[in-house]
Amino acid sequence: MISRVADHCFWFGRYMDRAESTARLLQVTRTLVFDADIPVTQCWKPLVIVSGAEPIFTKRFGAGAMGNGEMVQSYMTWEPENLVSLHTSVRAARESARVIRDVLSLEAWEEVNELYHWMNGEDAKEVYRTNREQFYRRVRRATQLVLGLVRSTMLHDTPMSLLWAGVMLERVGQTARTLDMHPHTMELESAHQIVEVAIWLSLLRASSGYEAFVKKHQGRISAQTVASFLVFDRSFPRSLRYCLGSARKILTDIWPGAEDPGPGHAPYDRLDALTKWLDKRAVTATPAAIHDLLTHIVDETATICSSIGREIVGPPAPAKAPGARQEQSMTTTTNMTATATGTGTSASGTRTQ
Amino acid sequence: MIDVDGTPRSHSRRATRILDGLTPKEFAKAQSLAELSLYSQGVTFSVYSDQRGTEKIFPICLVPRVISGAEWSRVEKGLAQRIAALNLFLDDMYGEQTVLKAKNIPADLILGAKFFLPKLRGIRPPGKVRIPIAGIDLIRSPDGVFRVLEDNLRTPSGVSYVVENRLVTKRIFQSAIEESAVRPVEQYPMHLAETLRAISPVDPADTRIVLLTPGSFNSAYFEHTFLARTMGVELVEPSDLFVEDDIVYVRTIRGPERVHVVYRRIDDAYLDPEFFRPDSLLGVPGLMRAYAAGNVALANAPGNGVADDKAVYPFVPDLIKHYLGEEAILAQVDTFVCARPNDLTYVVENLAKLVVKAVDEAGGYGMLMGPQASVAERDDFRRRILAEPRRYIAQHRVELSTCPTWDPAAEKLAPRRVDLRPFILTQQSGSWVLPGGLTRVALVEGSYVVNSSQGGGSKDTWVQKDTSS
């Protein structure tokens, strides 16, 4: 498989999953505002922070704007300069899809293309104005449909594996970020049990994990059980453990023998170490401990993605850089030490936040 | 399709009857659904002049153009003959150059062709065939005869629309297609892959074919992805390839792998900076060395531009006679060659009657439509022609035939001018002509310009089975 195409397959998967996660997060946060007795400002601010958009956002609109739901949503949905807005993710996904047009199935391509044209037309703006819920739902549905079509209409070989590795590793970051919203919300508000339950429920919904969680825990909601579910559960397809384990398996499909030194070994080794590291952890309920664990996972995942980028270029001669990409980093909370992350330089281009 | 008295010609009667069953409203609806589906599928081209990279569909008119089987048989033979002669001409130009001694053919004119590459003399392409893929533009003149307007022997494009248009019309006019005994076009990619394998320097079964595209910003990018997908070959950009010891490799995630055949959709000048332009960063350095060493086949062969030069065009019937000893089966348009003193005098004195074309431009650019041009425009062109006669040819304006075409504003059918680009795939054993080809239509009333870049559209072309033989 051609290196350049492989790189775009990987990134296509990442952009699609990123768009889906972002749409879901926006949708759920809107509901949280109605469900919980939390000041509106405290609902939206964490979303800006965990998305990594905070520095540019506050510089442009001021810190107060982080509590303005309309401004946050508009920035996270439409802003072309925001590297993680829905608009940017869909556009980038479609650009990659055009490059890998000869490996994508017609059905998957058509769906991406329609989503892109819809987002860029008047229809989407109209729906956004008049029925916000419907808007996010539509974006989510379209991205989910694309990923479903990928699995059901493409050959299950290297291109799809790379694409799916992208989905899984992006999802690690998205779930970790979603989970990390919690301390932001809690830090300024006197923790009230009802409020806390509302937040945890919202968090589960933001990860599409509400029903799955309830099945496993019969309604016993606590910080401990929810965090544990989203981090460690081996059967929930958005948990950190599931995504890491799945990505590890996929790397051996792409590079058979990646367990041993040779092609694919570098990212495999790092991913394997991270998965084993996670297996030795237990969730303590303190927000600080969870935050540290999540930060480590996001950092390591960014390194693993860069390593995959280098591996994709293949053993010999260097390839030309296809251009910068957007790596979404884990940003820190106000009371935690800042960790610069996600600025790994892959062989096929510098990816910065 | 329609006779002078307004009745459908016998062969297209069935097709027109099907259309009769639709009300204008129904037709308009089918028309917009078809366009929407092309847009969703990304069957588009990018507009060069538009900086934002706008994509447009190549507008399709659902009313098909019908060509009878008997008529097509003649066209097929004529095209095969023309390609055979032009292949021999290219072999000769990059070999012995015997043609330069022939009586009727002016040597200086041929040697002066812009796309002639003397550096390639003596290099025999690995697969022998220099024009595996050709697109020859035909028009039908008022006498009802198909004439060659232009040869495209470098990187002819448009075949993807032929196949896509058929998919669209098939959904809407399935029974009409069956009843009219329309020959299929979907097999083109299979024939193309076979044609490309046939020029491989190694065993066809072990051949790795790639399609080389300039990239996703190219206006024909959709077609590149279409052909790669439907042939099942990889779509590569120049930076994906490299050459070592005169062998071409593609960079893969498991290391370099050898490439045997490159179907390149990149102009000669951007193939290899080592060979063509050292200042360029584009292309694959060393590709021409690998080609000269016989280690990689290029389709089409570099240097083919000498054979589709507009100044060489007037002499193609002479070339057919010279190489094959036959009379040309297909007529062409009478042409004045400004490099010839007598022709030049006639052209500059009769600009108001003539269509003048720069020999090194394509896509409808560098043209003067004498009858419609202003006096100032004609004066300007006259100066340019006198300054560089070699750059220009002229023809009397040929009345293009028309086809009933949907006019969305008036919501009815109206006559619009059309041309036709059939595609010809050639192996050493002979040529295969895609039954159909791209019918381009000037959508604007009164217009003669069918180019997609300048307001043209397309139609599905229905070639019927030949029942005469």
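Start by selecting strand β17 of chain B, residues 392-396. This strand is mostly covered, with 4 of its 5 residues buried. Keep in mind as you go that you are looking at a predicted model.

**The sheet around β17**

Widen the selection to the open sheet that β17 belongs to, which has 4 strands in the order β14-β17-β15-β16 in chain B. The pairing in this sheet is antiparallel. Strands of a sheet pair through backbone hydrogen bonds, so turning on hydrogen bonds in your viewer is a good way to follow this stop.

Begin with the partner β15, residues 354-358 of chain B. Strands β15 and β17 pair in the antiparallel sense over 5 bridges. Two of the facing pairs are easy to pick out by name. Select B:Leu354 and you will find B:His396 of β17 opposite; select B:Val355 and the residue opposite is B:Gln395.

Now move to the other partner of β17. Strand β14 of chain B is joined to β17 by 2 bridges, and these two strands run antiparallel. Here B:Phe336 stands opposite B:Ala394.

Which strands form the edges of this sheet? They are β14 (336-337) and β16 (367-369) of chain B, each of which pairs on one side only.

**Stepping back to the two domains**

Colour chain B by domain for the next view. The domain assignment gives domain 1 as residues 10-333 plus 398-463, and domain 2 as residues 334-397. Between the C-alpha centres of these two domains of chain B the distance is 26 Å. Their contact takes 15 residues from domain 1 and 15 residues from domain 2. If you colour the domain 1 side of this contact by residue class, you should find 8 nonpolar, 4 polar and 3 charged residues.

**A covered strand: β23**

Next, select β23 of chain B, residues 456-463. Is this strand mostly covered or mostly exposed? It is mostly covered: 8 of its 8 residues are buried.

Strand β23 offers two kinds of pairing to look at. Strand β3 (residues 60-67) of chain B is joined to β23 by 5 bridges, and the two run parallel. In this pair, look for B:Ile67 opposite B:Val463. Strand β22 (residues 438-442) of chain B is joined to β23 by 4 bridges and runs antiparallel to it. There, B:Arg440 has B:Ser458 as its bridge partner.

While you are here, add B:Pro184 and B:Trp462 to the view and draw a line between their C-alpha atoms. They are 278 residues apart in sequence, but 8.6 Å apart in space. B:Pro184 lies in the loop between α6 (174-179) and α7 (188-198) of chain B. B:Pro184 counts as partly exposed because 14 other C-beta atoms lie within 10 Å.

**Three backbone spots to check**

Most residues other than glycine have a negative phi, and most peptide bonds are trans. The next three selections depart from that pattern.

- Select B:Ala299 and B:Asn300: a cis peptide bond joins them, with omega about -5°. B:Asn300 is in the loop between β12 (297-299) and α10 (316-324) of chain B.
- Select B:Lys128, which has a positive phi of about 70° although it is not a glycine. Its place is the loop between α4 (107-111) and β4 (133-140) of chain B. B:Lys128 is partly exposed, with 14 other C-beta atoms within 10 Å.
- Select B:Glu411, which is not a glycine either and has a positive phi of about 55°. Look for B:Glu411 in the loop between β18 (402-407) and β19 (412-421) of chain B. B:Glu411 is partly exposed, with 13 other C-beta atoms within 10 Å.

**Where chain B meets chain A**

Show both chains together now. At their contact, 22 residues of chain B touch 22 residues of chain A. The elements of chain B that give two or more residues to this side are α2 (24-40), α8 (221-231), β7 (234-236), β9 (247-252) and β10 (255-258). By class, the chain B side divides into 8 nonpolar, 8 polar and 6 charged residues.

**Last stop: confidence in chain A**

Finish by colouring chain A by pLDDT. Its mean is 84, and 83% of its residues reach 70 or more. Select residues 317-324 of chain A, where pLDDT stays under 50 and the model has 20 contacts beyond four places in sequence. Then select residues 329-353 of chain A, where pLDDT is also below 50. This stretch has 72 contacts in the model beyond near neighbours in sequence.

Note on methods. Residues numbered from 1 in each chain as written. Chains lettered and ligands numbered in written order. Predicted model: local features only at pLDDT ≥ 70, side-chain atom pairs only at ≥ 80, totals over all residues. pLDDT = per-residue confidence, 0-100. Contact = placed C-beta atoms within 7 Å. Pairing = 2+ DSSP bridges. Buried ≥ 20, exposed ≤ 12 C-beta atoms within 10 Å, placed from the backbone. Nonpolar A, V, L, I, M, F, W, Y, C, P; charged D, E, K, R; others polar. Domains from an automatic or database assignment.
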